[in-house]
Amino acid sequence: MSELVKQYLENEKQINTLYNELHEFMKVKETEIHSVKWNEYEPKIRAVMEERDKKIEAIRDQQISKESETRRAISELNIVRDQVNRILLFLQLRARSESFTIEDSEIHAYDGRHIEILGYIFDDQFLKIKLFIIENSKPKNKYSLIAFGKCLFPESLLKVDRDYGIDTHEDNYCSLRVLIRDMPTISDLRAYLDRNKSTILAMLVQNYQQVKEDYLDIIEKYRVEDFIDLIGCRCECGFFYTKEEARNYTRRSGFMGEHQEPVKCPLCKKVMVLQSSIPQVAINQ
Ligand SMILES: [Zn+2]
């Protein structure tokens with residue numbers, strides 16, 4: 001064997017030994033790392049994290065209880081404010097309480113579809129409801145029994161939602177628009193109506209009666225003068241804006257918005273009289 005070959009083989013042996021030693025060394029060190037990570041430090045880290053989470057949780061609890069405490073206090077304070085706002089709303093409505101009607105010709109079906117007028121089902125001082133049967137675009141239940149209503153009181157007070165998915169339009173806005181029933185024929189709907197006349201819209205009418213009672217009671221007991229410090233501007237027709245409302249309707253002019261421009265009454269279009277200066281809305285708000 002030549003010296004060169006001998007050296008070659010010898011070196012190979014040494015290289016293998018070095019590799020094997022390195023491999024063993026790495027294995028030992030991996031075990032060491034594993035132990036440092038999972039036995040030595042992981043329990044400590046977990047303990048610290050638990051401690052941290054507990055502290056944060058305690059602070060969150062403080063936030064939650066402060067928030068609910070504040071909300072309770074605010075809703076307590078709002079009881080009187082809500083009462084006064086309701087009174088003010090009713091006093092405003094009084095200025096609007098001229099009589100109104102729902103004309104048969106005000107209601108239109110789309111695309112010249114059939115429309116049948118059934119007349120008033122409810123006709124009271126502050127609430128009118130008229131029933132109509134209107135041809136719809138459904139394949140089977142082709143006709144809809146629909147109530148159109150006008151009421152002095154807003155829908156929110158009557159707890160009724162306006163039905164938007166009805167193919168009609170009105171010349172004058174009806175705040176109440178209720179789809180009562182869809183059926184295949186007009187006579188089905190007429191028969192349905194005969195059977196259910198007293199229960200149809202009963203909830204709505206009942207809510208109305210309560211609101212009306214409350215309204216009559218309030219406009220009997222209170223005058224706008226009782227709330228003058230809350231009034232922004234008044235019209236001679238009786239309508240007024242509260243300071244808060246007036247802020248939204250008041251235009252200001254001048255370089256710094258120092259001139260308050262007169263507000264026009266939405267009912268009779270006369271210039272309303274300012275009761276006191278109305279706080280200016282912050283710029284960029
Ligand atoms: Zn007016």
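Here are some short exercises, each with a worked solution, on a predicted model of a protein chain.

**Exercise 1. Find which domains the chain is assigned, and how far apart the centres of domain 2 and domain 3 are.**

Step 1. Start with the domain assignment, which gives domain 1 (1-96), domain 2 (104-220) and domain 3 (224-274).
Step 2. Next, take the centres over C-alpha atoms: those of domain 2 and domain 3 are separated by 35 Å.

**Exercise 2. Work out the strand order in the sheet that contains β4, and which strands stand at its edges.**

Step 1. Follow the sheet across: its 4 strands come in the order β2-β3-β4-β6, with antiparallel pairing, and the sheet is open.
Step 2. Look at the ends of that order. β2 (115-123) and β6 (176-183) each have a single partner strand, so one side of each is left without a neighbour in the sheet.
Step 3. Now compare directions: on average, neighbouring strands of this sheet are turned by 20° against each other, direction ignored.
Step 4. Zoom in on one pair. Strand β4 (residues 143-151) runs antiparallel to β6, and 7 bridges join them. In one of these bridges, Tyr 143 has Met 183 of β6 as its partner.
Step 5. Finally, add the helix that packs on the sheet. This is α3 (residues 186-196), which touches β2, β3 (127-135), β4 and β6, and its direction makes about 115° with that of β6.

**Exercise 3. Describe the largest nonpolar core and say which element gives the largest share of it.**

Step 1. Count the residues: this core has 30, and those with the most contacts inside it are Ala 147, Phe 148 and Leu 176.
Step 2. List the suppliers. At least two residues each come from α1 (3-96), β1 (107-109), β3, β4, β6 and α4 (202-221).
Step 3. Pick out the largest share, which is the 6 residues from β4.
Step 4. Check the domains: domain 1 and domain 2 each provide at least three residues of the core.
Step 5. Take Ala 147 as an example. Leaving aside neighbours within four places in sequence, Ala 147 is in contact with Ile 121, Ile 129, Leu 131, Leu 176, Val 178, Ile 180 and Leu 201.
Step 6. Keep a second core in mind: apart from the largest one lies another of 10 residues, among them Cys 235, Tyr 241, Ala 246 and Met 272.

**Exercise 4. Decide how α1 and α4 are oriented to each other.**

Step 1. Recall the two quantities to look for: packed helices are described by the angle between their axes and the distance between the axes.
Step 2. Read them off here. The axes of α1 and α4 come within 9 Å and cross at roughly 85°.
Step 3. Angles of 65 to 115 degrees count as roughly perpendicular, and α1 and α4 are therefore roughly perpendicular to each other.
Step 4. See which residues meet: Ile 87, Phe 90, Leu 91 and Arg 94 in α1 meet Tyr 215, Ile 218 and Ile 219 in α4.

**Exercise 5. Place Leu 274 in its sheet and decide whether Leu 274 is buried, partly exposed or exposed.**

Step 1. Find the strand: Leu 274 is in β11.
Step 2. Find the sheet, an open one of 3 strands in the order β8-β7-β11, paired antiparallel. Both β8 (240-242) and β11 (273-274) stand at the edges, with a single partner strand each.
Step 3. Look at the pairing. β7 (residues 231-234) and β11 share 2 bridges, and Cys 233 has Leu 274 as its bridge partner.
Step 4. Count the surroundings: 17 other C-beta atoms lie within 10 Å, and Leu 274 is partly exposed.
Step 5. Finish with contacts. Not counting residues up to four places away in sequence, Leu 274 touches Cys 233 and Gln 260. Gln 260 is 14 residues from Leu 274 in sequence and 9.6 Å from Leu 274 in space, C-alpha to C-alpha.

How values were computed. Residues are numbered from 1 along each chain as its sequence is written. This is a predicted model: local features need pLDDT of at least 70, side-chain atom pairs count only at pLDDT 80 or more; totals for chains, interfaces and linings use all residues. Two strands pair if DSSP finds at least two bridges between them. Axes are lines fitted to C-alpha atoms, for helices over the stretch in contact, and angles run from 0 to 180 degrees between N-to-C directions. Two residues are in contact if their C-beta atoms, placed from the backbone, lie within 7 Å. A nonpolar core is a set of buried Ala, Val, Leu, Ile, Met, Phe, Trp, Tyr and Cys residues joined through C-beta atoms within 7 Å. A residue is buried if 20 or more other C-beta atoms lie within 10 Å of its own, exposed if 12 or fewer, and partly exposed in between; C-beta atoms are placed from the backbone. Domain bounds come from an automatic or database domain assignment. Angles under 35 degrees count as roughly parallel, over 145 as roughly antiparallel, 65 to 115 as roughly perpendicular and the rest as oblique.
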